[in-house]
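Trainee: Before accepting descriptive terms for a model, I should like to see how each one is justified. May we take them in turn?

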Amino acid sequence: MSESSFTLLRDIGTILLENGEEVRFSIDAYRGYRYVSVRRYIQTDGFTGATRDGVTLTPEIVQVLAPLVARLPDDPKAVQDGVLGKFAKRPGICVVAKVGSFKGRRGLDLRQWQEDVGWTKKGIWLPYEKMKEIKALFAQTKDALNEVPPNLDDF
(Lines give C-alpha, C1' and ligand atoms only; values in the text may rest on other atoms or scores of the structure.)
Protein backbone atom coordinates (compact mmCIF):
# COMPACT_ATOMS: atom_id res chain seq x y z
CA MET A 1 0.00 0.00 0.00
CA SER A 2 1.37 3.40 -0.93
CA GLU A 3 1.96 5.78 1.97
CA SER A 4 -0.12 8.57 0.43
CA SER A 5 -2.94 6.56 -1.14
CA PHE A 6 -6.51 6.30 0.05
CA THR A 7 -7.70 2.73 0.54
CA LEU A 8 -11.16 1.45 1.40
CA LEU A 9 -10.53 -1.29 3.95
CA ARG A 10 -14.10 -2.25 4.77
CA ASP A 11 -17.57 -1.07 3.82
CA ILE A 12 -19.62 -1.29 7.01
CA GLY A 13 -23.08 -0.31 5.79
CA THR A 14 -25.50 2.28 4.49
CA ILE A 15 -28.43 4.33 5.75
CA LEU A 16 -30.88 5.13 2.96
CA LEU A 17 -32.24 8.67 2.96
CA GLU A 18 -34.72 10.41 0.70
CA ASN A 19 -34.04 11.73 -2.83
CA GLY A 20 -31.51 9.05 -3.74
CA GLU A 21 -29.19 10.03 -0.90
CA GLU A 22 -27.47 7.68 1.51
CA VAL A 23 -24.95 7.79 4.35
CA ARG A 24 -22.16 5.24 4.22
CA PHE A 25 -20.04 4.02 7.12
CA SER A 26 -16.65 2.62 6.14
CA ILE A 27 -13.20 1.93 7.51
CA ASP A 28 -10.50 3.47 5.35
CA ALA A 29 -6.76 4.01 5.43
CA TYR A 30 -4.78 7.05 4.41
CA ARG A 31 -1.05 7.56 4.85
CA GLY A 32 -0.83 4.43 6.93
CA TYR A 33 -3.59 5.36 9.43
CA ARG A 34 -6.99 3.72 9.79
CA TYR A 35 -10.04 5.91 10.27
CA VAL A 36 -13.81 5.65 10.06
CA SER A 37 -15.63 7.64 7.42
CA VAL A 38 -19.29 8.67 7.79
CA ARG A 39 -20.18 10.35 4.51
CA ARG A 40 -23.24 11.32 2.48
CA TYR A 41 -23.49 10.04 -1.10
CA ILE A 42 -25.91 11.20 -3.77
CA GLN A 43 -27.14 9.92 -7.10
CA THR A 44 -28.56 12.43 -9.58
CA ASP A 45 -28.69 12.73 -13.35
CA GLY A 46 -25.50 14.79 -13.34
CA PHE A 47 -23.48 13.32 -10.48
CA THR A 48 -23.11 10.10 -8.53
CA GLY A 49 -20.73 9.84 -5.61
CA ALA A 50 -19.54 11.24 -2.32
CA THR A 51 -20.44 14.74 -1.20
CA ARG A 52 -18.50 17.05 1.10
CA ASP A 53 -21.02 16.26 3.82
CA GLY A 54 -19.20 13.88 6.13
CA VAL A 55 -16.70 13.40 8.90
CA THR A 56 -13.82 11.09 9.68
CA LEU A 57 -13.38 9.58 13.12
CA THR A 58 -10.36 7.93 14.66
CA PRO A 59 -10.79 4.36 15.90
CA GLU A 60 -10.42 5.71 19.45
CA ILE A 61 -13.36 8.10 18.96
CA VAL A 62 -15.57 5.28 17.65
CA GLN A 63 -14.67 3.06 20.64
CA VAL A 64 -16.01 5.76 23.02
CA LEU A 65 -18.82 7.15 20.85
CA ALA A 66 -20.48 3.84 19.88
CA PRO A 67 -21.62 3.01 23.46
CA LEU A 68 -22.92 6.58 23.92
CA VAL A 69 -24.98 6.31 20.73
CA ALA A 70 -26.22 2.85 21.79
CA ARG A 71 -27.70 4.35 24.98
CA LEU A 72 -29.79 6.93 23.10
CA PRO A 73 -33.52 6.17 23.02
CA ASP A 74 -34.98 5.15 19.66
CA ASP A 75 -37.89 7.60 20.02
CA PRO A 76 -36.87 11.18 19.10
CA LYS A 77 -39.42 12.54 21.58
CA ALA A 78 -37.70 10.72 24.45
CA VAL A 79 -34.31 12.45 24.04
CA GLN A 80 -33.27 15.96 24.96
CA ASP A 81 -31.05 18.16 22.83
CA GLY A 82 -27.50 18.27 24.08
CA VAL A 83 -23.87 17.34 23.60
CA LEU A 84 -22.97 13.65 23.92
CA GLY A 85 -19.27 14.39 23.96
CA LYS A 86 -16.28 16.22 22.57
CA PHE A 87 -13.56 13.90 21.25
CA ALA A 88 -9.97 14.83 20.38
CA LYS A 89 -9.11 13.93 16.80
CA ARG A 90 -5.62 15.43 16.70
CA PRO A 91 -4.01 18.48 18.38
CA GLY A 92 -6.31 21.48 18.04
CA ILE A 93 -9.13 19.53 16.34
CA CYS A 94 -11.97 17.56 17.89
CA VAL A 95 -15.29 16.05 16.88
CA VAL A 96 -18.41 17.08 18.79
CA ALA A 97 -21.37 14.68 18.87
CA LYS A 98 -24.71 16.18 19.80
CA VAL A 99 -28.43 15.67 19.47
CA GLY A 100 -30.23 18.66 18.06
CA SER A 101 -32.72 19.98 15.53
CA PHE A 102 -32.14 21.07 11.95
CA LYS A 103 -34.92 22.38 9.70
CA GLY A 104 -37.53 21.17 12.20
CA ARG A 105 -36.19 17.59 12.42
CA ARG A 106 -34.23 15.92 15.22
CA GLY A 107 -30.91 14.32 14.49
CA LEU A 108 -27.46 13.25 15.60
CA ASP A 109 -24.88 15.82 14.54
CA LEU A 110 -21.20 14.86 14.23
CA ARG A 111 -19.27 18.07 13.63
CA GLN A 112 -15.58 18.99 13.62
CA TRP A 113 -14.37 21.82 15.89
CA GLN A 114 -11.03 23.55 15.38
CA GLU A 115 -9.58 25.59 18.27
CA ASP A 116 -8.43 28.58 16.21
CA VAL A 117 -11.50 28.92 13.93
CA GLY A 118 -14.42 27.19 15.70
CA TRP A 119 -16.85 25.02 13.75
CA THR A 120 -15.52 23.77 10.44
CA LYS A 121 -17.51 22.64 7.40
CA LYS A 122 -16.62 19.02 8.12
CA GLY A 123 -19.52 17.15 9.65
CA ILE A 124 -22.71 15.27 9.05
CA TRP A 125 -26.25 15.36 10.40
CA LEU A 126 -27.99 11.99 10.74
CA PRO A 127 -31.82 11.96 11.01
CA TYR A 128 -33.02 10.70 14.38
CA GLU A 129 -35.79 8.60 12.82
CA LYS A 130 -32.95 6.36 11.55
CA MET A 131 -31.54 5.88 15.07
CA LYS A 132 -31.92 2.08 15.09
CA GLU A 133 -29.84 1.88 11.91
CA ILE A 134 -27.32 4.43 13.23
CA LYS A 135 -26.85 2.40 16.42
CA ALA A 136 -26.37 -0.81 14.44
CA LEU A 137 -23.78 0.78 12.14
CA PHE A 138 -21.80 2.24 15.04
CA ALA A 139 -21.83 -1.17 16.78
CA GLN A 140 -20.73 -2.95 13.57
CA THR A 141 -17.98 -0.38 13.06
CA LYS A 142 -16.72 -0.78 16.61
CA ASP A 143 -16.68 -4.57 16.22
CA ALA A 144 -14.86 -4.35 12.87
CA LEU A 145 -12.21 -2.08 14.39
CA ASN A 146 -11.60 -4.66 17.12
CA GLU A 147 -10.93 -7.43 14.60
CA VAL A 148 -7.31 -8.28 13.92
CA PRO A 149 -6.53 -7.45 10.28
CA PRO A 150 -5.26 -10.39 8.21
CA ASN A 151 -2.05 -8.56 7.29
CA LEU A 152 -0.69 -6.42 10.12
CA ASP A 153 1.87 -4.87 7.75
CA ASP A 154 -1.00 -2.94 6.12
CA PHE A 155 -1.39 -0.76 9.23
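**Terms and their grounds**

Mentor: Let us begin with a hairpin: strand 6 and strand 7 form one with two residues between the strands, and Lys103 in this hairpin takes a positive phi near 55 degrees. The model is predicted, so local features need pLDDT of at least 70 and side-chain atom pairs count only at pLDDT 80 or more, whereas totals for chains, interfaces and linings use all residues. Residues are numbered from 1 along each chain as its sequence is written, and side-chain values use heavy atoms, with hydrogens and water left out.

Trainee: What makes strand 6 and strand 7 a pair?

Mentor: Strands and helices are DSSP runs numbered from the N terminus (E, at least two residues, for strands; H or I, at least four, for helices). Two strands pair if DSSP finds at least two bridges between them. Strand 6 (93–102) and strand 7 (105–114) run antiparallel and are joined by ten bridges, so the criterion of at least two is met. One of the bridges is that between Val95 and Gln112 in strand 7.

Trainee: How many bridges join strand 5 to strand 6?

Mentor: Seven bridges join these antiparallel strands, and Gly85 stands opposite Ala97 in strand 6. Their hairpin also has two residues between the strands, and Gly92 there takes a positive phi near 85 degrees.

Trainee: Why is strand 6 described as largely enclosed by the rest of the structure?

Mentor: Buried means under 20% relative accessible area, exposed over 50%, and partly exposed in between (1.4 Å probe, protein chains only). Seven of the ten residues of strand 6 are buried, so the description follows.

Trainee: Is Lys103 exposed or buried?

Mentor: The relative accessibility of Lys103 is 73%, which is over 50%, so Lys103 is called exposed. Lys103 lies in the loop between strand 6 and strand 7. Most residues other than glycine have a negative phi. Arg31, which is not a glycine, likewise has a positive phi, of about 55 degrees, and lies in the loop between strand 2 (22–30) and strand 3. With a relative accessible area of 48%, Arg31 is partly exposed.

Trainee: How do you know that the span of helix 1 is close to the one expected?

Mentor: The expected span is 1.5 Å times one less than the number of residues. Helix 1 (residues 59–70) has twelve residues, and its 17 Å from first C-alpha to last is close to the expected 16 Å.

Trainee: Which residues of helix 1 are buried?

Mentor: They are Pro59, Ile61, Val62, Leu65, Ala66 and Val69. These residues cover an arc of only 125 degrees around the axis, and therefore lie on the same side of helix 1; the arc is that of the directions from the helix axis to the C-beta atoms. Among the elements covering them are strand 3 (33–43), strand 4 (48–57) and helix 2.

Trainee: What makes a set of residues the largest nonpolar core?

Mentor: A nonpolar core is a set of buried Ala, Val, Leu, Ile, Met, Phe, Trp, Tyr and Cys residues joined through side-chain atoms within 4.5 Å. The largest here has 32 residues, and Leu57 and Phe138 have the most contacts inside it. Helix 2 (residues 131–146) supplies the largest share, six residues.

Trainee: Which residues is Phe138 in contact with, leaving aside its neighbours within four places in sequence?

Mentor: Contact means heavy atoms within 4.5 Å. The partners of Phe138, with those neighbours left aside, include Phe25, Leu57, Leu65, Ala66 and Val69.
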